[in-house]
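Let's take this model apart piece by piece, with some questions and answers. Have the structure open while you read.

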Amino acid sequence: MQKRLYLHRLIGLLIGCGGLFLLQGCESGIDRQGNEVKDERTIVLGFAQVGAESSWRLANTKSIKEAATAESMQLMYINGEQKQENQIKAIRSFIAYQVDAILVSPVVETGWENVLNEAKLAKIPVILTDRAIKTNQSDLYAAFVGSDFNKEGRMAGEFLMKKFAYESDDVNIAELYGTVNSSPAEGRSRGFKETIKDNPRFKVICSQSGDFMHSKGKEVMRSILSTYKDIDVLYSHNDSMTLGAIEAMEEVGIIPGKDIIIITIDGEQKAIDALKDRKVNCVIECNPKLGDTIVDLTKKLLNGENIPSTVFVDDEVFTEWDDLSTLPPRGY
Ligand code: GZL
C-alpha cells in the first residue's frame, strides 16, 4: 500500500477533524503522477495537543514544534480544542498517514484504549506528552514525559503549612480545580490533600472546576465568594484560573495575597508578576518546555533504543519569601 496518503488528501482528512492542521519541516513534494515524493529520512510525527487554553499550553506547543523543526522532523500538529473526540480523530488520521510516532497530551485520563490499540496494531509508537492516562493495559504507550503532578500538589501543601505554622485557627481553603478527570488536576488535588490531611485545621471547604481557563476561573471564584464568606486560602490548579480569580476578588474589595492567601501552579510570567506585587503568595512551576526531551526520546525510540517509561521534568517553587529580583523572564 502507498506508504503515505497523498498530501492534499491528508490535509482534507485532517481539516475534517475540526482541528488546526500545520505541516512543519515538510520536505515532501508531489511528483507528476500525483505521488508524494518523500525524503525517506524525514521522520514524521503526529501531535494531538489538548488545545490552546492557557499561556502554559501555548508555550508547551511552541517547545515541541521548535524541537521537531530543529531535528528536521515533520510535525503534523492538531489542536484538540479541549475535546477528547478531536484528539481521537487526530490519532486516527495520524495512523492513516502512517506517521513514524504519535505524541498526545490526553485531555482526560480515561477512554484511550481503543484508539491506542489501533496505533499499536499499526505498529506506531505513542509518547504521552504533559498529561497521563489511566489504563490497565501496560503497553499502550512507550513513555510519559511531563511533570509529577502529585509532587506539585505536595509542594503546595508544604507551603501552606509553613505559611500558617504559627497560627492555630482553622484555615478554610477553596480549591479551583482544573479540567475534571485530567491527570494534572487529579494529581495536584491528591498531592495537596495527602500533605495536609494530618492537620485537621486545614479544611478544603469547596472545590470547583474552572477547567484551567481564565474566564471559568473568574466565574467560579465569583460564585465561591458569594457562597462562602470565610475563605482564608485559594489553592488554584493553574495560573490562568488564578488570574481570573484575582479579578473576581478585587471586584468585591478583597485584597488577593492578603485577605485570601493564594497558591497557584504553572509559573507563567503573569503569576510571577502577581507574586512580586504580593497578590499571590506561592507559585509552583510546571515546566512547559518539554520539546527537547520528547524529541530526543522519540529519536532514541525510533532508533530501537530502550527508553525510560516515565520522564519527570523538574519544577521549582517560588514564594513570597524569595528574592525574585534576579529571576529571568519566564518566556510564557
Ligand atoms: C499541566 C498542564 C496543564 C497546565 C494548564 O501539565 O496539562 O494544562 O497546568 C494547562 O495551564 O491547561
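Q: In what order do the strands of the six-stranded open sheet run?

A: Keep in mind that this is a predicted model. The sheet is open and its pairing is mixed. From one strand to the next, the twist averages 15°. Going across the sheet, the order is 10-9-11-12-13-15.

Q: Which strands stand at the edges of that sheet?

A: An edge strand has a single partner, so one side of it is left without a neighbour in the sheet. That is the case for strand 10 (202-209) and strand 15 (317-319).

Q: What residue in strand 13 stands opposite Ile263?

A: Strand 12 (residues 261-266) and strand 13 (residues 282-285) run parallel, with four bridges joining them. Ile263 has its opposite number in strand 13, and that residue is Cys282.

Q: What angle does the direction of helix 6 make with that of strand 9?

A: Helix 6 packs on the sheet, where it touches strand 9 (171-177), strand 10, strand 11 (233-236) and strand 12. Its direction and that of strand 9 make an angle of about 165°.

Q: And helix 8, at what angle does it run to strand 12?

A: Helix 8 (residues 239-251) lies across strand 9, strand 11 and strand 12. Relative to strand 12, helix 8 runs at about 155°.

Q: Now for the pockets: where does the largest pocket lie?

A: The largest pocket has a volume of about 190 Å³. Of its 14 lining residues, the closest to the centre are Glu109, Ala132, Phe149, Ser183 and Arg190. Residues come from both domain 1 (2-147 + 288-314) and domain 2 (149-286), so the pocket lies between these two domains.

Q: Which helix gives the most to the lining of the largest pocket?

A: Two elements give two or more residues to this lining: helix 5 (149-163) and helix 6 (183-196). By class, the lining has five nonpolar, four polar and five charged residues. The top contributor, with four residues, is helix 6.

Q: What is the volume of the largest cavity?

A: With a cut-off of 30 Å³ or more, the count comes to one cavity. The volume of the largest cavity is about 100 Å³.

Q: How many charged residues are in the lining of the largest cavity?

A: The lining has 13 residues, and Trp56, Arg57, Arg131, Arg188 and Asp266 lie nearest the centre of the cavity. Helix 2 (55-70) and helix 6 each supply at least two of the lining residues. Domain 1 and domain 2 each give at least three. Split by class, the lining has five nonpolar and two polar residues, and the number of charged ones is six.

Technical notes:
Residues are numbered from 1 along each chain as its sequence is written. This is a predicted model: local features need pLDDT of at least 70, side-chain atom pairs count only at pLDDT 80 or more; totals for chains, interfaces and linings use all residues. Side-chain values use heavy atoms; hydrogens and water are left out. On a 1 Å grid over the protein atoms alone, a cavity is a set of points where a 1.4 Å probe fits but cannot get out, and a pocket is an open set with protein on both sides within 12 Å along at least five of seven lines; lining residues have an atom within 4 Å of a point. Grid points are joined across faces, edges and corners, and a volume is the space filled by probe spheres set on the points. Ala, Val, Leu, Ile, Met, Phe, Trp, Tyr, Cys and Pro count as nonpolar, Asp, Glu, Lys and Arg as charged, and the others, Gly among them, as polar. Domain bounds come from an automatic or database domain assignment. Two strands pair if DSSP finds at least two bridges between them. Axes are lines fitted to C-alpha atoms, for helices over the stretch in contact, and angles run from 0 to 180 degrees between N-to-C directions. Contact means heavy atoms within 4.5 Å.
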